[in-house]
Amino acid sequence: MLAVSLTIPLLGAMLLLDSPIDPQPLSFKEPPLLLGVLQPNTKLQQAERLFENQLIGPESIANIGDVMFTGTADGRIVKLENGEIETIAQFGSGPCKTRDDEPACGRPLGIRVGPNGTLFVADAYKGLFEVNPWKREVKLLISSETPIEGRKMSFVNDLTITQDGRKIYFTDSSSKWQRRDYLLLVMEGTDDGRLLEYDTETKEVKVLLDQLRFPNGVQLSPAEDFVLVAETTMARIRRFYLSGLMKGGADLFVENLPGFPDNIRPSSSGGYWVSMATIRSNPGFSMLDFLSERPYIKRMIFKLFSQETVMKFVPRYSLVLELSDSGAFRRSLHDPDGQVASYISEVHEHDGHLYLGSFRAPFLCRLSLQSV
């Protein structure tokens with residue numbers, strides 16, 4: 001009797017409630033086997049946590065000499081030096097405690113160092129900024145409120161800048177969904193993300209690629225002849241050619257990744273570090289792969305549960321991949337249950353160490369390359 005009394009309201013809710021997402025079926029190849037270079041290990045568990053419980057969500061990392069900089073979940077750009085944390089900029093205002101505060105507070109994501117020793121920052125809600133970390137001067141380069149080819153930027157994400165500082169390549173992950181709804185963006189499979197180019201001299205913005213599903217991290221090649229962009233929802237990395245015979249064209253740099261990629265950063269070997277906070281287990285069960293062709297289940301899930309509740313069911317498996325300059329898997333570093341390094345968003349290599357950013361964790365991690 002109790003079961004019936006619970007089941008009837010549940011069925012009613014499933015029928016009557018609106019779903020916040022309207023997903024379409026997506027098709028994936030079978031995930032690569034976690035063998036050989038991808039063999040699971042515990043190398044990420046050798047990392048040490050830095051500034052634990054002193055900062056939250058240090059998404060992206062940059063350094064000027066041995067001074068580190070990152071953006072945090074409460075909207076700040078902070079300097080990390082000699083074990084101390086110092087706020088140098090904030091693009092928004094107001095209380096910055098919950099996801100509902102994010103649009104007013106701002107959320108710094110990608111951060112890079114320009115040729116003149118200033119920081120270039122992508123704020124998910126506010127746009128692109130240049131910050132002088134020594135004078136604490138902030139300059140807005142392009143506002144998220146500025147329509148680009150008739151569409152607003154709702155989720156400015158990552159950026160990469162040319163050596164001369166002239167061009168900035170950056171991602172707008174969606175015109176529909178904001179950063180605080182990134183899980184809805186992934187689950188819906190929305191294809192309204194873009195790769196854009198900003199000219200710091202002419203102030204012009206161009207759309208280079210459109211109809212991307214959650215474009216995320218971006219990285220210029222060493223020769224600056226192409227730019228890579230992680231397409232998170234599709235577990236792949238695209239390449240857009242900036243010069244040469246393929247100029248203006250695009251192809252797949254690597255597809256069918258063993259996880260869902262976030263930021264891309266250069267490795268000292270001439271390849272690229274790719275961070276993944278969620279993997280596609282094989283052997284094993286990949287929830288996102290299973291749901292990709294079952295949009296009706298996705299609708300049902302988000303009729304009944306909040307994003308935070310759903311996140312609790314996402315396995316906390318952290319994976320870092322090093323790719324060669326041609327996109328081949330070179331090595332992988334794992335923390336199979338996120339014991340030490342969790343929700344990894346970026347791998348920043350500096351002075352023989354990997355600094356691991358996170359979009360949720362209340363710490364940074366540092367891993368000696370000698371130990372792995």
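**Exercise 1. Which helices are included in what covers the buried residues of α5?**

Solution. The structure is a predicted model.

Step 1. Locate the helix and its buried residues. Helix α5 spans residues 295-304, and its buried residues are P295, K298 and F302.

Step 2. Consider how these residues are arranged. Viewed down the axis of α5, the buried residues fall within an arc of 50 degrees, so they line one face of the helix.

Step 3. Identify the cover. It includes α3 (182-188), α4 (287-292) and α6 (307-311).

**Exercise 2. Describe the largest nonpolar core and the surroundings of Y182.**

Solution.

Step 1. Establish the membership. The largest nonpolar core has 20 residues, and those with the most contacts inside it include Y182, L183, M187 and F302.

Step 2. Assign the core to elements. The elements that give two or more residues to this core are α3 and α6, and the largest share, 6 residues, comes from α3.

Step 3. Examine Y182. When residues up to four places away in sequence are not counted, Y182 touches F155, F214, Q307, M311, F359 and R360.

Step 4. Look for a further core. A second, separate core of 19 residues includes F226, L228, I237 and F253.

**Exercise 3. Determine the strand order of the open sheet that contains β3, and explain what is particular about its edges.**

Solution.

Step 1. Read the order. The open sheet has 4 strands in the order β2-β3-β4-β5, with antiparallel pairing.

Step 2. Find the edges. Strands β2 (61-64) and β5 (84-90) stand there with a single partner strand each, so one side of each has no neighbour in the sheet.

Step 3. State the twist. From one strand to the next, the twist averages 25 degrees.

Step 4. Inspect one pair. Strand β3 (residues 67-71) and strand β4 (residues 76-81) pair in the antiparallel sense over 4 bridges, and F69 stands opposite K79 in β4.

**Exercise 4. Analyse the hairpin of β10 and β11.**

Solution.

Step 1. Assess the cover of β10. Strand β10 (residues 156-161) is mostly covered, with 6 of its 6 residues buried.

Step 2. Describe the pairing. Strand β10 and strand β11 (residues 167-172) pair in the antiparallel sense over 4 bridges. The bridge partner of V156 in β11 is D172.

Step 3. Turn to the connection. The hairpin has 5 residues between the strands, and G165 takes a positive phi near 80 degrees.

**Exercise 5. How many disulfides does a search of the whole structure find, and how exposed are the cysteines concerned?**

Solution.

Step 1. Recall the bond. A disulfide is a covalent bond between the sulfur atoms of two cysteines.

Step 2. Count and identify. The search finds 1 disulfide; C96 is joined to C105, with an S to S distance of 1.9 Å.

Step 3. Determine the handedness. The torsion about the S-S bond of C96 and C105 is about 105 degrees, so the disulfide is right-handed.

Step 4. Apply the cut-off. Buried means under 20% relative accessible area. At 21%, C96 is partly exposed, whereas C105, at 1%, is buried.

**Exercise 6. Is K135 buried or exposed, and where is K135 placed?**

Solution.

Step 1. Place the residue. K135 lies in the loop between β8 (127-132) and β9 (137-143).

Step 2. Classify the residue. A residue over 50% is exposed; K135 has 58% relative accessibility and therefore counts as exposed.

Step 3. Relate K135 to a distant part of the sequence. K135 and A341 are 206 residues apart along the chain, and their C-alpha atoms are separated by 33 Å.

Note on methods
Residues numbered from 1 in each chain as written. Predicted model: local features only at pLDDT ≥ 70, side-chain atom pairs only at ≥ 80, totals over all residues. Heavy atoms only, no water. Buried < 20%, exposed > 50% of the residue type's maximum accessible area, 1.4 Å probe, protein only. Arc of directions from axis to C-beta. Contact = heavy atoms within 4.5 Å. Pairing = 2+ DSSP bridges. Axes fitted to C-alpha atoms, helices over the stretch in contact; angles between N-to-C directions. Disulfide = S-S within 2.5 Å. Core = buried A, V, L, I, M, F, W, Y, C linked by side-chain atoms within 4.5 Å.
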